[in-house]
Amino acid sequence: MKFITLVFIAFVLSSLAPTKAVVFKVEGEEEKVACIVTDLQVCLPAVQAGSQPSMQCCGKLKEQYSCLCGYLKIPSFSQYVSSGKAQKVLTACGIPIPKC
């Protein structure tokens, strides 16, 4: 059952195209971030198990923080972003839960 779930999640994540580029300021400089949901695959184990996220996962979440509200609008992905386990991962990474 877990294997089928992982295959389904991988399929869903790989089928999603970048949503849009987001511009945000970092220390007075603007940076563009491409919202590519597949970049967050490194967070999948932590979100599914509710375990401690990796440093790579936290880095990707911080990088794509401005994209999370857009991901919530994608029905096949919103369940992962809005789950209690996903919120625990954000908290563990020191990232505020987005208010969309």
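The biggest share of the lining of the largest cavity comes from α5, which gives three residues, and I should say at once that this is a predicted model, in which local features need pLDDT of at least 70, side-chain atom pairs count only at pLDDT 80 or more, and totals for chains, interfaces and linings use all residues. Residues are numbered from 1 along each chain as its sequence is written, and side-chain values use heavy atoms, with hydrogens and water left out.

A cavity here is a set of points on a 1 Å grid over the protein atoms alone where a 1.4 Å probe fits but cannot get out, and lining residues have an atom within 4 Å of a point. Grid points are joined across faces, edges and corners, and a volume is the space filled by probe spheres set on the points.

By this rule there is one cavity of 30 Å³ or more, and the largest cavity holds about 170 Å³ of space. Twelve residues line the largest cavity, and those closest to its centre are Leu40, Val47, Leu61, Phe77 and Tyr80. At least two lining residues come from each of α2 (44-49), α5 (75-81) and α6 (84-92), where helices are DSSP runs of H or I with at least four residues, strands are runs of E with at least two, and both are numbered from the N terminus.

What is the split of the lining into nonpolar, polar and charged residues? The lining has twelve nonpolar, no polar and no charged residues, with Ala, Val, Leu, Ile, Met, Phe, Trp, Tyr, Cys and Pro counted as nonpolar, Asp, Glu, Lys and Arg as charged, and the others, Gly among them, as polar.

As for the fold around it, the protein has six helices and two strands, following the pattern α-β-β-α-α-α-α-α along the sequence.

Terms used. 1 Å grid on protein atoms, 1.4 Å probe; cavity = no way out; pocket = protein on both sides within 12 Å on 5 of 7 lines; lining within 4 Å.
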